[in-house]
Amino acid sequence: MTTAQDNSDPMQRLGLQLAWHGSLTEARIRRALGAAGLTPRHAMTLMHLDGGPVGQRVLAERLEVDPSVLVGILNDLEGEGLVERRRDPADRRRHIVAITDSGSAALDQTNAALDEVERGIFAGLTEQECEVLRGLLGRVNSATEDFECRE
């Protein structure tokens, strides 16, 4: 980045500003999802399963988590009756994960809660500005290997 910055004002630092807004957004999302007993990772897992059953290894890749982390997430969700794991009849070593009816209902609540949070966060932006922001954020270098799942 070659733009001049006023280093005396922390909120002129894009990284700090992004971190600040990210922390506030995460707190709001966690609070909204927590009312349904879910974490953001739980919600993301249900979203990935909404399109139909998925192999456990493929799901770990989509979520960009280690398979051992996924086992813990699935244990939580399965314990609540939101997903089910079953052996693939074609390959008994492989597990297939599917969302249950209860999981679909929880996902509907999750999406409604996220919609409400996002309406509040982005109230000052037009739909077009949200699309521009989505595009810009998609170009920000945020490598997943730097992320540490705290769930």
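Let me start with one residue: valine 54 stands opposite valine 97 in strand S3. A caveat before I go on: this is a predicted model.

So, the sheet. Valine 54 sits in strand S1, which covers 54–55. S1 and S3, residues 91–99, run antiparallel and are joined by 2 bridges. On the whole, we have an open sheet of 3 strands. The order is S1-S3-S2, and the pairing is antiparallel. Which strands stand at the edges? S1 and S2, the latter spanning 83–88. Each has a single partner strand, so one side of each has no neighbour in the sheet.

Now S2 with S3. Here 6 bridges hold an antiparallel pair. The two strands form a hairpin, with 2 residues between them. Take two positions along it. Aspartate 88 stands opposite aspartate 91 in S3. Arginine 85 stands opposite valine 97 in S3. Valine 97 should sound familiar: valine 54 stands opposite valine 97 too.

On to the helices. Helix H4 lies across S2 and S3. Against S2, H4 runs at about 120°.

Two helices pack on H4 in what follows. Take H3 with H4. H3 is residues 56–63, and H4 is residues 67–79. Their axes are 9 Å apart, at an angle of about 100°. The window for roughly perpendicular is 65 to 115 degrees, and H3 and H4 therefore count as roughly perpendicular to each other. Who makes the contact? From H3, Gln56, Leu59, Ala60 and Leu63. From H4, Pro67, Leu70, Val71 and Leu74. By class, that contact has 7 nonpolar residues, 1 polar and no charged.

Next, H2 with H4. H2 is residues 40–49. The axes of H2 and H4 come within 10 Å and cross at roughly 80°. That makes H2 roughly perpendicular to H4. H2 brings Arg41, His42, Thr45 and Leu46 to the contact. H4 brings Ile73, Leu74, Asp76 and Leu77. The split here is 4 nonpolar, 2 polar and 2 charged. Leu74 of H4 appears in the contact with H2, and Leu74 is also in the contact with H3.

Last item: the second largest pocket. How much space lies in it? About 240 Å³. Which elements each supply at least two residues of its lining? H3, H4 and S3. The lining starts with Gly55, Gln56, Arg57, Val58 and Ala60. Pro67, Leu70 and Val71 line the pocket as well. Asp91, Arg93, Arg94 and His95 complete the list. By class, the lining divides into 5 nonpolar, 3 polar and 4 charged.

One link back to the helix packing. Gln56 and Ala60 of H3 belong to the contact with H4, and both also line this pocket. Pro67, Leu70 and Val71 of H4 take part in the contact with H3, and these residues line the pocket too. There is a link to the hairpin as well. Asp91 of the lining is the residue that stands opposite aspartate 88.

Key:
Residues numbered from 1 in each chain as written. Predicted model: local features only at pLDDT ≥ 70, side-chain atom pairs only at ≥ 80, totals over all residues. Heavy atoms only, no water. Axes fitted to C-alpha atoms, helices over the stretch in contact; angles between N-to-C directions. Helix = DSSP H or I, 4+ residues; strand = E, 2+ residues; numbered from the N terminus. Parallel < 35°, antiparallel > 145°, perpendicular 65-115°, else oblique. Contact = heavy atoms within 4.5 Å. Nonpolar A, V, L, I, M, F, W, Y, C, P; charged D, E, K, R; others polar. Pairing = 2+ DSSP bridges. 1 Å grid on protein atoms, 1.4 Å probe; cavity = no way out; pocket = protein on both sides within 12 Å on 5 of 7 lines; lining within 4 Å. Points joined across faces, edges and corners; volume = space filled by probe spheres on them.
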